[in-house]
Amino acid sequence: MWRECVILAQCEQFGDLALSIMKISPNNPITVFKQVFTRAMVVCIVMPKLWHQPDYVNTVLMAVIPWCIGEIVRYPFYQFKSLQSILGHLRYNVFIPLYPVGVSGEIACFYWLYQISIALPQTEKPLTISMPNKMNAGFDFEMFAMFAVPLIYGLSWPPMYMYMFAQRKKFYSP
């Protein structure tokens, strides 16, 4: 049951993206897109291959628990304007340890799925489409996990983390 709740909660984050694009939410649409896209990719594509295996549940939880705590702090901050001073302290300090732990959990999920994949025969590899086929297109998860994932996270995560520090600085500035 918790798995379905995680998938639902992360997919509902696309609503936050829509609100930020329409300027209903004060969030930066580019930052929201990066966060929502990577989380959706991890939760809808990678985690379902891992979370039924006891060896990898801790890795999945390493990503999911920081997401949950972060959202529990973030949404009330925007919802309850009268409590923004208290909730702002939480919002702009809790992210400091949560972001690195959550991102590490996401990357670890890719890593473990990669480790599972390399041990399998070509026909059983997860998230892999081999050539030739009717679409005349292929996708190699192992190459994606080895090269694209570090590139995506390496280029998108540091700016997002620094953006939160900039927001923190704004919050604490008089």
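## Overall fold

Read from start to end, the protein chain follows the pattern α-α-α-α-α. That makes five helices and zero strands. Please keep in mind as you look around that this is a predicted model.

The C-alpha trace spans about 60 × 35 × 30 Å along its principal axes. The chain has 174 residues, and 37% of them count as buried. Among contacts with a sequence separation of 6 or more, 69% are between residues 24 or more positions apart. On the outside, the chain exposes about 10200 Å², with carbon and sulfur atoms supplying 70% of that area.

## How H2 meets H5

Let's turn to a pair of helices. Helix H2 covers residues 29–50 and helix H5 covers residues 141–172; the two pack at an angle of about 145 degrees, and their axes are 10 Å apart. The crossing of H2 and H5 is left-handed.

Which residues make the contact? From H2 come Thr31, Lys34, Gln35, Thr38, Met41 and Val42. On the H5 side they meet Phe144, Ile152, Tyr153, Ser156, Pro159, Met160 and Tyr163.

## A salt-bridge network around Glu71

The structure holds four salt bridges. Asp16, Arg39, Glu71 and Arg74 are linked in a network of such pairs, and Glu71 is a good place to start exploring it.

One partner of Glu71 is Arg39, with a distance of 3.0 Å from N to O. Glu71 lies in helix H3 and Arg39 in helix H2, so this salt bridge ties together parts that are 32 residues apart in sequence. Is Arg39 buried or exposed? Arg39 is buried, because its relative accessible area is 7%, a value under the 20% cut-off. Glu71 also counts as buried, at 12% relative accessibility.

Glu71 forms a salt bridge with Arg74 as well, and here the closest N and O atoms are 3.0 Å apart. This pair stays within one element: Glu71 and Arg74 both lie in helix H3, three residues apart, or about one turn of the helix. Arg74 has 8% relative accessibility and therefore counts as buried.

## The Lys125–Glu142 pair

Another salt bridge joins Lys125 and Glu142, whose closest N and O atoms are 2.6 Å apart. This pair links distant parts of the chain, with Lys125 in the loop between helix H4 (84–118) and H5, and Glu142 in helix H5, 17 residues apart. Both Lys125 and Glu142 are buried.

## Nonpolar residues at the surface

Now for the outside of the model. Leu19, Ile21, Met22 and Ile24 make a nonpolar surface patch of about 410 Å². Ile21, one of these four, is in helix H1, which runs over residues 2–21. Why does Ile21 count as exposed? Its relative accessibility is 54%, and exposed means over 50%.

Ile65 offers another isoleucine to look at, this time in helix H3 (residues 57–79). With a relative accessible area of 45%, Ile65 is partly exposed. The C-alpha atoms of Ile65 and Val43 are separated by 13 Å, and these two residues are 22 positions apart along the chain.

Definitions and conventions. Residues are numbered from 1 along each chain as its sequence is written. This is a predicted model: local features need pLDDT of at least 70, side-chain atom pairs count only at pLDDT 80 or more; totals for chains, interfaces and linings use all residues. Side-chain values use heavy atoms; hydrogens and water are left out. Patches are made of residues with over 30% relative accessible area and no salt bridge: like charges are joined within 9 Å, nonpolar side chains (Val, Leu, Ile, Met, Phe, Trp, Tyr) within 5 Å. Accessible areas come from the Shrake-Rupley method with a 1.4 Å probe; for residues, only the protein chains shown count as cover. A salt bridge is a side-chain nitrogen of Lys or Arg within 4 Å of a carboxyl oxygen of Asp or Glu. Helices (H or I, at least four residues) and strands (E, at least two) are DSSP runs, numbered from the N terminus. Buried means under 20% relative accessible area, exposed over 50%, partly exposed in between (1.4 Å probe, protein chains only). Axes are lines fitted to C-alpha atoms, for helices over the stretch in contact, and angles run from 0 to 180 degrees between N-to-C directions. A crossing is left-handed if the near helix is turned anticlockwise from the far one by less than a right angle, and right-handed if clockwise. Contact means heavy atoms within 4.5 Å.
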